[in-house]
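Work through the exercises below with the sequence and the 3D view at hand. Try each task before reading its solution.

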Amino acid sequence: MNLKTVRMGLIGAGRMGSFHAENLALRVPGARLTAVADLQPGAAQKLADRLGVEKAYTDIQALLNDSEIDAVAIATPARTHAELVIAAARAGKHVFCEKPMAVTLDEADRAIAAAQDAGVVLQVGFNRRFSAGFAAAIEAVRAGTNGTTQLSRSVTRDPGLRDPAPIPQWTIFLETLIHDFDTLLHFNPGSRPVEVYALADALVRPDFKDKGLLDTAVVTIR
C-alpha cells in the first residue's frame, strides 16, 4: 500500500517545535516537513536551514495560506493554541497540536467546532496514549483483568529547572500535569471528575516563585 506524503508545516520553532521538526523531517514515515513559521525573527530560518526545510516564515498566516501544505503541527505557547487551531482549520489544514489544545473549556469547544466545520483532522499530542506500556495497561483495565479500579495514583517528575521567563503560575498544570489528567481519564473510561482539589508551590526552586513558576503540585480528583 502506497502512503500519500503529507506535507507538514510547523508553527513554533522553540524547544518543543524543534523536537517535532526533527521527528517530521527525519523519523515519521509519510511526512515531509515543508515549512516552519515562528514570530521570532530568524528562529524559523535557523531551524529550517538545520533540517534542510524549503520554507521559513515569520508570518504564521502566510504559512497557513501556503497551498503546498496539507497539515500543521502547532508547538507554540499553550495560550496561543486554540486560536491557531481555529485559524488552521479555517485554512483547510489538518492539525496536530501540542498539549493542551486550549487553556479554557470555551476555547477548546471553539477549536473543536472549527475543525468539525472545516472537516479537518484535529489531534492533540497526548503521546502516552500510544506508548506500548500505557496501551497494554489501559487494555487490561478495560478488560477487567485486574478487577475494578478503585484508586489511581500518578507521579510525574520533570528534568532539572532552568531559569524561567515570567510565566503564569498554572503552567505546571497545563504543561506537565495535563498528561496525568489525560491518562487518569483514559484509564477510567466513562467516568467524569466531580471534584478537584489542588495545592502547588515553589519547593524545588523557591527563588522562582516571584517569577511565576510553581514547581511542585499535589492534585486530588474525585
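A residue is buried when its relative accessible area is under 20%, exposed when that area is over 50%, and partly exposed in between. The model used here is a predicted one.

**Exercise 1. Decide whether His 186 is buried or exposed, and describe its surroundings.**

Solution.
Step 1: Locate the residue. His 186 belongs to helix α7, which covers residues 171-187.
Step 2: Apply the cut-off. The relative accessibility of His 186 is 18%, so the residue counts as buried.
Step 3: List what His 186 touches. Leaving out residues up to four places away in sequence, these are Arg 129, Ile 138 and Arg 142.
Step 4: Take a distance along the chain and in space. Ile 86 is 100 residues apart from His 186 along the chain, and the two C-alpha atoms are separated by 25 Å.

**Exercise 2. Classify Leu 26 and Leu 151 by accessibility.**

Solution.
Step 1: Leu 26 sits in helix α1. Its relative accessible area is 59%, and therefore Leu 26 is exposed.
Step 2: Leu 151 is placed in the loop between α6 and α7. Its relative accessibility is 76%, so Leu 151 also counts as exposed.
Step 3: Add distances between C-alpha atoms. Leu 26 and Gly 42 are 16 residues apart along the chain and 22 Å apart in space. Leu 151 and Arg 222 are 71 residues apart in sequence, with 9.7 Å between their C-alpha atoms.

**Exercise 3. Compare the length of helix α1 with the expected span, then find which of its residues are buried.**

Solution.
Step 1: Helix α1 runs over residues 15-26, which makes 12 residues.
Step 2: The expected span is 1.5 Å times one less than the number of residues. For α1 this gives 16 Å; the end C-alpha atoms are 17 Å apart, so the two values agree.
Step 3: The buried residues of α1 are Gly 17, Ser 18, His 20, Ala 21, Asn 23 and Leu 24.
Step 4: The cover over these buried residues includes β1 (6-11), β2, α2 (43-51), β4 and β5.

**Exercise 4. Repeat the length check for helix α6 and look at the residue just after the helix.**

Solution.
Step 1: Helix α6 takes in residues 132-143, 12 residues in number. From first to last C-alpha α6 reaches 16 Å, close to the expected 16 Å.
Step 2: Gly 144 comes just after α6 and has a positive phi of about 75°.
Step 3: Set this beside the general pattern. Most residues other than glycine have a negative phi.

**Exercise 5. Describe the loop between β5 and α5 around Lys 99 and Pro 100.**

Solution.
Step 1: Both residues are placed in this loop, Lys 99 and Pro 100.
Step 2: Check the peptide bond. From Lys 99 to Pro 100 the bond is cis, with omega near -10°. Most peptide bonds are trans.
Step 3: Check burial. Lys 99 has a relative accessibility of 9%, so this lysine counts as buried.
Step 4: Look for a polar partner. The Lys 99 side chain reaches the backbone oxygen of Glu 175 at 2.4 Å.
Step 5: Look at the wider contacts. Beyond its neighbours within four places in sequence, Lys 99 is in contact with several residues, including His 81, Phe 126, Leu 174, Ile 178 and His 179.

**Exercise 6. Identify the largest nonpolar core and the elements that supply it.**

Solution.
Step 1: The largest nonpolar core has 25 residues. Ile 11, Leu 63, Leu 64, Val 72, Ile 74, Val 85 and Val 95 have the most contacts inside it.
Step 2: The elements that each supply at least two residues of this core are β2 (31-37), α3 (60-64), β4 (71-74), α4 (81-90), β5 (94-97) and α5 (105-118). The most comes from α4, with 6 residues.
Step 3: Take one member, Val 95. Not counting residues up to four places away in sequence, Val 95 touches Val 72, Ile 74, Val 85, Ala 88, Val 121, Leu 122 and Gln 123.
Step 4: Another core lies apart from this one; it has 15 residues, among them Leu 10, Ala 21, Ala 44 and Ala 75.

**Exercise 7. Test whether the radius of gyration of the chain agrees with that of a compact globule.**

Solution.
Step 1: For 222 residues a compact globule would have a radius of gyration near 17 Å; the chain has 19 Å, which agrees.
Step 2: The C-alpha trace spans about 50 × 50 × 30 Å along its principal axes.
Step 3: The chain holds 7 helices and 8 strands, and 36% of its residues count as buried.

Definitions and conventions:
Residues numbered from 1 in each chain as written. Predicted model: local features only at pLDDT ≥ 70, side-chain atom pairs only at ≥ 80, totals over all residues. Heavy atoms only, no water. Core = buried A, V, L, I, M, F, W, Y, C linked by side-chain atoms within 4.5 Å. Buried < 20%, exposed > 50% of the residue type's maximum accessible area, 1.4 Å probe, protein only. Helix = DSSP H or I, 4+ residues; strand = E, 2+ residues; numbered from the N terminus. Contact = heavy atoms within 4.5 Å. Rg over C-alpha atoms; globule rule 2.2 N^0.38 Å. Polar contact = N/O pair within 3.5 Å; in protein donor to acceptor, adjacent residues only side chain to side chain.
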